[in-house]
Amino acid sequence: MSDFKALSRSSFSEIRTKLENEPPDSNIGITGFSPSLPEGLDIEIISEIGRCHELWQELSNPKTLFDTWEFRYAFYLAYQYKPYFILLKNQKENLALLPLWYDRDERRYVWFGSDWQEEVRFFSKDPKYIPILLSVAPSPLLLNAISPKSIFLLGKTVAFEPDDAKYVLHLEKFSNHEDYLATLKKNERHSMRKDRRRIEKQNPEIIIDNFADFDGLVEISKKRLTEKNKVPDWQDPRRIETFRQVINLGGQSYKNRMITVKINGKIAGVDLICLFNNTYFAVKCGYNVAEFPGIGNYFNLIEIDDAIKLGFKKIDFLQNNYTWKSRWFEAVPLFKYQKN
């Protein structure tokens, strides 16, 4: 049996009933898989969370933050959607795993942990098993933000589509943020330095790992997105609970870091960072741009210095351009697979 223990907050009141968490009836059943499977292979559907954890640990071999059980499990604790793990096996061993759940809001199957995950890899002992898993997967199905390495291994055996890119900064050649700025065009370099000077003139206080500032991050981000006429994902209490759990579960596979900048005692910005496998993941942020113009670029530069100081090789600024990431960082293509 799995020794993984569920860690949930007693204050969280958004847990759905079992009935609400059940995926819809599907015309795909265990026995229904058999005719399309190569001889000697079998499929098992797993929904019990302890067994899901065991299989994850057996087959995942985490390379990025989004491969770790704890990061995905944080979403499970908040959303409580029923897992739908498709296991491909033979009589001797488990071969491949497609970890899904049914998203009742979007009415489709997605990655276990929601479509917030990215650079997702397929868990398989051999790439040849992935097309089999996809062929027997339920529909409607959206597998988004798939790693380009997974696509390369599969060649043209599966029809993938382009997804929004993610953005990264490689740090191996940099000793500080000035080395990074030297790689930019003159106008971009000037803009970054101007924003940094604007904030530094206000004598900012930089605070590390005060995780109580998560509430400030949420409120600042809500306000900022509302000002831009966008609906914040923080409007959903399950999303807030998810990242509380991301913080709670830190230290098992990944580590957490939080950077807060205060000016005259007021929070100007907060970043939640996850650290895993030589990568510094800029996971969530909240910037008071209205009162402190330039605070976003200021954070980018202090985080470059922070990541270098901690010995990380790369900063992952995650998916979606938001009109600015492509100006400063390298785009990494991602892909998606859909079944209607």
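## A buried lysine without a partner

In this predicted model, Lys339 is buried and yet takes part in no salt bridge, the nearest side chain of opposite charge being that of Glu161, which is 13 Å away. Lys339 belongs to strand S13, which covers residues 330–339.

In place of a carboxylate, the side chain of Lys339 has backbone oxygens within reach: that of Ser135 at 3.4 Å, and that of Ala137, which lies 2.8 Å from a polar atom of the lysine side chain. Both of these residues belong to a run that Lys339 touches, for when its neighbours within four places in sequence are set aside, its contacts are Leu134, Ser135, Val136, Ala137, Pro138, Ser139, Pro140 and Leu141.

## The chain as a whole

The protein has 340 residues, of which 51% count as buried, and its secondary structure consists of 12 helices and 13 strands. Among the contacts with a separation of 6 or more, 73% are made by residues 24 or more positions apart.

One example of two residues that are remote in sequence is the pair Pro38 and Ile132, which are 94 residues apart along the chain while their C-alpha atoms are 8.8 Å apart in space. Pro38 sits in the loop between helix H2 (30–33) and strand S1 (42–46), and because its relative accessible area is 40%, it counts as partly exposed.

## Salt bridges

Which charged side chains do meet in a salt bridge, N to O, at 2.5 Å? Of the 20 salt bridges found in the whole structure, one joins Lys166 to Asp316 at that distance. This pair links distant parts of the chain, with Lys166 in strand S7 (residues 161–170) and Asp316 in strand S12 (residues 314–319), 150 residues apart. Lys166 has a relative accessible area of 0% and is therefore buried, and Asp316, with a relative accessible area of 1%, is buried as well. Lys339, by contrast, is buried with no salt bridge.

Another salt bridge brings together Glu178 and Arg193, again with 2.5 Å from N to O. It connects helix H7 (residues 177–181), which holds Glu178, with helix H8 (residues 186–200), which holds Arg193, the two residues being 15 residues apart. Here both partners are partly exposed, Glu178 with a relative accessible area of 32% and Arg193 with one of 31%. Within helix H8, Arg198 and Asp195 are 3 residues apart, about one turn of the helix, and their side chains also meet in a salt bridge of 2.5 Å, N to O. The two ends of this bridge fall in separate classes, for Arg198 is partly exposed at 32%, whereas Asp195 is buried at 11%. Elsewhere, Glu44, Arg51, Glu54 and Lys89 are linked in a network of salt bridges.

## Aromatic side chains

The structure holds 35 aromatic pairs. One of them is formed by Tyr81 and Trp101, which meet edge-to-face, with 5.1 Å between the ring centres and 85° between the planes. Tyr81 lies in the loop between helix H4 (69–79) and strand S2 (83–89), and Trp101 lies in strand S3 (residues 94–103), so placed that the pair links parts of the chain 20 residues apart. Both Tyr81 and Trp101 are buried.

These two residues are also members of an aromatic cluster, which is made up of Trp56, Trp69, Tyr73, Tyr76, Tyr79, Tyr81, Phe85, Trp101, Phe112 and Phe123. A separate arrangement involves a charge and a ring: Lys284 lies over the face of Trp234, at 4.7 Å from the ring centre.

## Helix H3 and its surroundings

Helix H3 spans residues 49–59, and its buried residues are Gly50, Cys52, His53, Leu55, Trp56 and Leu59. Trp56 thus appears both among these buried residues and in the aromatic cluster described above. The buried residues of H3 pack against S1, H4, S2, S3 and strand S5 (123–124).

Both ends of H3 have a local feature that can be found in the model. At the start of the helix, a side-chain oxygen of Glu48 reaches to within 2.9 Å of the backbone nitrogen of Gly50, and just after the helix, Asn61 takes a positive phi of about 50°.

Conventions: Residues are numbered from 1 along each chain as its sequence is written. This is a predicted model: local features need pLDDT of at least 70, side-chain atom pairs count only at pLDDT 80 or more; totals for chains, interfaces and linings use all residues. Side-chain values use heavy atoms; hydrogens and water are left out. Helices (H or I, at least four residues) and strands (E, at least two) are DSSP runs, numbered from the N terminus. Buried means under 20% relative accessible area, exposed over 50%, partly exposed in between (1.4 Å probe, protein chains only). Lys and Arg count as positive and Asp and Glu as negative; His and the chain ends are not counted. A salt bridge is a side-chain nitrogen of Lys or Arg within 4 Å of a carboxyl oxygen of Asp or Glu. A polar contact is a pair of N or O atoms within 3.5 Å; within protein, one must be able to donate a hydrogen and the other to accept it, and residues adjacent in sequence count only if both atoms are side-chain atoms. Contact means heavy atoms within 4.5 Å. Rings of Phe, Tyr and Trp (its six-membered ring) pair if their centres lie within 6.5 Å; planes under 30 degrees apart count as stacked, over 60 as edge-to-face and the rest as tilted. A charge sits over a ring if NZ of Lys or CZ of Arg is within 6 Å of the ring centre and within 35 degrees of the ring normal.
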